[in-house]
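Biologist: I'd like to learn how to read helix packing and burial in a model. Could you walk me through one?

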Amino acid sequence: MPKVSKISIPEVKKHLKTYKAEELVSIIIDCYRSSEDVKKYIHMMLEPEGTEDQLFEEAKKKVLQQFFPERGVAKLKLADAKKAISEFGKLSNNPVRTLELMIYYVKLGVEFIKVYGYFSEPFYNSMASMFYNVLNKIEADSGRGLYDLFHDELEAIVGESKGVDWGLFEQFFQMFCDLARNYEDEDEDEIE
C-alpha cells in the first residue's frame, strides 16, 4: 500500500479557502459518512450536551465491559478501556467527566481483584498508574474544586484496596496522602 503524503495544516487551510461553501459542506458530509470519529466530533459540535452524555455512557460501558462483561468472562483489554476514556476526553474536553471515567476504571479494577483474587503485576501497575494520573490531574487544577469533588470517592478506593496484593493499598494510600497533604497545608494557611 503506497504511503500517503502528509499535508500540513496551513496547506490544508490554504486549499480549503479556495472552495465554495457548498463544496465544503460536501467534504464535511463525506467525512461524516466515512468516519465514526468525525461523526462523534460533529455531533459534539452541533449538540454538545446530549452528545456528551451519550458519549460518557458509551465510554463508561466500554470500561465496564473489560472488567465485568454482560456475558462471558472478562477480556481485561485494559488498553481498550483506556482508549475509551481518552477518546471521551478528547471529544468532550470535559476534565471532570474524564476524571470520573478514570476513577471508575480504578474502582472497577479494585473490585475485580476483590472478586477474583490475585492477578498479574501489569494489571496492578495499570491501576496504580491510572490512580496516579487522576491525582496529578486534580493537583494540576487551580484551586481545590476537583479535590473537594473527588476526595470521598478517592478515599473510598484507597479503603477498598486494603488487603490487595502487590502493595496496591500502600501505593494508593501514599499517593492519596501526598495529595491530601497539599490541601491540608492550604487549610492551615487559611486559618493563620
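Biologist: Let me begin with a single residue: is I85 buried or exposed?

Modeller: Happy to help, and do keep in mind that this is a predicted model. Residues under 20% relative accessible area count as buried, so I85, at 4%, is buried. I85 sits in helix α5. Leaving out residues up to four places away in sequence, I85 touches V63, T98, L101, M102, Y105 and M130.

Biologist: Where does A59 lie relative to I85?

Modeller: These two residues are 26 apart along the chain, yet their C-alpha atoms are separated by 6.2 Å.

Biologist: Now to pairs of helices. How do I read the packing of α5 and α6?

Modeller: The general idea is that two packed helices are described by the angle between their axes and the distance between the axes. Here the axes of α5 (residues 78-92) and α6 (residues 95-116) come within 9 Å and cross at roughly 170 degrees. Angles over 145 degrees count as roughly antiparallel, and α5 and α6 are therefore roughly antiparallel to each other. On the α5 side the contact is made by L78, A81, K82, I85, F88, G89 and S92, and on the α6 side by R97, T98, L101, M102 and Y105. Sorted by class, that contact has seven nonpolar, three polar and two charged residues.

Biologist: And what is the crossing angle of α6 and α8?

Modeller: The axes of α6 and α8 cross at roughly 10 degrees and come within 10 Å. That makes α6 roughly parallel to α8. From α6, the contact uses V96, L99, E100, I103, V106, K107, V110 and K114; from α8, it uses L146, L149, F150, E153, L154, I157 and E160. By class, this contact of α6 with α8 has ten nonpolar, no polar and five charged residues.

Biologist: Let's move to the interior. Which residues have the most contacts inside the largest nonpolar core?

Modeller: In general, nonpolar side chains tend to be buried together in soluble globular proteins. In this model the largest nonpolar core has 49 residues, and those with the most contacts inside it are F67, Y105, F131, I138, L154, L168 and F172. The elements that give two or more residues to this core are α4 (48-67), α5, α6, α7, α8 (145-160) and α9 (168-191). The largest share, eleven residues, comes from α6.

Biologist: Which residues of α7 are buried?

Modeller: In α7, the buried residues are F123, Y124, S126, M127, A128, M130, F131, V134, L135 and I138. Helix α7 (residues 121-140) has 20 residues and reaches 28 Å from its first C-alpha to its last, close to the 28 Å expected at 1.5 Å a residue. Take I138 as an example: leaving out residues up to four places away in sequence, I138 touches L99, L146, Y147, F150, L154, L179 and Y183.

Biologist: What about polar residues, say S161: buried or exposed?

Modeller: S161 is buried, with a relative accessible area of 0%. S161 lies in the loop between α8 and α9. Apart from its neighbours within four places in sequence, S161 is in contact with V110, F169 and F172.

Biologist: One last residue: which helix holds T51, and what does T51 touch?

Modeller: T51 lies in helix α4 and is buried, with a relative accessible area of 5%. Not counting residues up to four places away in sequence, T51 touches K40, H43 and M44.

Conventions. Residues numbered from 1 in each chain as written. Predicted model: local features only at pLDDT ≥ 70, side-chain atom pairs only at ≥ 80, totals over all residues. Heavy atoms only, no water. Axes fitted to C-alpha atoms, helices over the stretch in contact; angles between N-to-C directions. Helix = DSSP H or I, 4+ residues; strand = E, 2+ residues; numbered from the N terminus. Parallel < 35°, antiparallel > 145°, perpendicular 65-115°, else oblique. Contact = heavy atoms within 4.5 Å. Nonpolar A, V, L, I, M, F, W, Y, C, P; charged D, E, K, R; others polar. Expected span 1.5 Å × (residues − 1). Buried < 20%, exposed > 50% of the residue type's maximum accessible area, 1.4 Å probe, protein only. Core = buried A, V, L, I, M, F, W, Y, C linked by side-chain atoms within 4.5 Å.
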